[in-house]
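Let's walk through this structure together, one piece at a time. Keep the 3D view open beside you and turn it as you read.

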Amino acid sequence: MIVKRICVFASGNGSNLQSIVNSTNRGVLKGLASVVLVISDNNNAYALERAKKENIRSICIEDKKFENDKFFNDVILDELYNMSIDIICLAGYLKLINKKIIKKYRGRILNVHPSLLPKFGGKGMYGNYVHEAVVKSGEHISGATVHIVDENYDTGEIILQKKIKIFKNDTSNDVSKKVLGIEHRIYPKAIKKIIKNL
Ligand code: GRF
């Protein structure tokens, strides 16, 4: 079995990046995959620090530094090509993935979303906006979804989902913490699932 080469895209804290890296070192992805590249669009992302600590090549590619979208995406594509990337994992990456990248990596780009899709997905539904909407609507359950990334927001094939219970007095912050814990558990398992079908 050839170890699959993962690139993680992250804009923020990178706790999902960490859980994927940990699972390649001593969890379900051990011997199956390795995170070899981290791409961020935010120079201050803690995800970049985490990558450095783990000795993973990390680069910040900010769209504002490029004359147009094509140049920006070509730099990303070059990096993916040069690093022989097999699988892309979006982990709190806030920019929409370009169609050219999706076409090239069709079925091999995953995202984790902090709700039970198709509920509470779509444009503008990210981070705490999701949990606030969930609590406001009086849901008794929420959860996390790992899905394939296609050209639209949060519509690709669902690979794995797991639920959490919402209690009467839970705030969006409480829900967020519970869901994040679930994300860390299901993301590596979902990656394993798609590796088996590659
Ligand atoms: C997670 O809640 C994920 O569902 C969403 O962004 C958050 C990223 O958290 N897409 P982290 O950067 O992995 O800690």
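**A guided walk from loop to ligand**

Pro118 sits in the loop that runs between β5 and α5. Keep in mind throughout that this is a predicted model. Pro118 makes a good starting point, as the peptide bond leading from Leu117 into Pro118 is cis, with omega near 10 degrees. As a general rule, most peptide bonds are trans and most residues other than glycine have a negative phi. That rule will come up again later in the walk.

From this loop, step back to the strands. Strand β5 covers residues 109–113 and pairs with β4 in the parallel sense, over 3 bridges. If you would like a place to zoom in, find Cys89, whose bridge partner in β5 is Leu110. The two strands are also linked through a helix: β4, helix α4 (residues 99–104) and β5 form a right-handed β-α-β unit.

Now look at β4 itself, which spans residues 87–90. Which residues lie on each of its sides? Ile87 and Cys89 are on one side, Ile88 and Leu90 are on the other, and all of them are buried. This fits a general pattern, in which the side chains of a regular strand alternate between the two faces of the sheet. For β4, both of those faces are covered.

Besides β5, strand β4 has a pairing with β1. Strand β1 takes in residues 4–9, and its pairing with β4 is parallel, over 4 bridges. Two of the partnerships are easy to pick out: Val8 has Cys89 as its bridge partner in β4, and Phe9 has Leu90. Cys89 is therefore a handy landmark, since this buried residue of β4 is bridged to Val8 as well as to Leu110 in β5.

Is β1 mostly covered or mostly open? Covered: 5 of its 6 residues are buried. Strand β1 also runs parallel to strand β2 (residues 33–40), and 6 bridges join the two. Arg5, for instance, finds its bridge partner in Ser34 of β2. Here too a helix makes the connection, with β1, helix α1 (residues 15–26) and β2 making a right-handed β-α-β unit.

Next, turn to the ligand. Which residues surround it? They are Asn13, Gly14, Ser15, Asn16, Gly92, Val112, His113, Pro114, Leu180 and Glu183. Several of these offer polar atoms to the ligand's oxygens. A polar side-chain atom of Ser15 is 2.5 Å from a ligand oxygen, while a backbone N or O atom of Gly14 is 2.8 Å from one. For Asn13, a polar backbone atom lies 3.5 Å from an oxygen atom of the ligand. How much of the ligand does the protein bury? Taken alone the ligand exposes 370 Å², and the protein buries 82% of that.

Pro114, one of the residues around the ligand, leads us onward. Among the residues it touches are His131 and Ser142. His131 belongs to helix α5 (residues 127–136), and its relative accessible area is 3%, so it counts as buried. Other contacts of His131 include Ser172, Val175, Ser176 and Val179.

Ser142, in strand β6 (residues 141–148), counts as buried because its relative accessible area is 2%. Its contacts include Ser115, Leu116, Val134, Lys162, Lys163, Ile164 and Ile166. Val175 and Val179 are also in touch with Ser142, just as they are with His131. For a sense of scale, measure across from Ser142 to Asn73: these residues are 69 apart along the chain, and their C-alpha atoms are separated by 34 Å.

To finish, return to backbone geometry and visit two more loops. Ser84, in the loop between α3 (69–82) and β4, has a phi near 50 degrees, a positive value in a residue other than glycine. Asp154, in the loop between β6 and β7 (158–165), likewise has a positive phi, of about 60 degrees, although it is not a glycine. Is each of them buried or exposed? Ser84 counts as partly exposed because its relative accessibility is 43%, whereas Asp154 is buried, with a relative accessible area of 15%.

Key: Residues numbered from 1 in each chain as written. Predicted model: local features only at pLDDT ≥ 70, side-chain atom pairs only at ≥ 80, totals over all residues. Heavy atoms only, no water. Buried < 20%, exposed > 50% of the residue type's maximum accessible area, 1.4 Å probe, protein only. Pairing = 2+ DSSP bridges. Right-handed = clockwise from strand over helix to strand, strands pointing away. Near = heavy atom within 4 Å. Polar contact = N/O pair within 3.5 Å; in protein donor to acceptor, adjacent residues only side chain to side chain. Areas by Shrake-Rupley, 256 points an atom, 1.4 Å probe, with all protein chains shown as cover. Contact = heavy atoms within 4.5 Å. Lists of a residue's contacts leave out its neighbours within four places in sequence.
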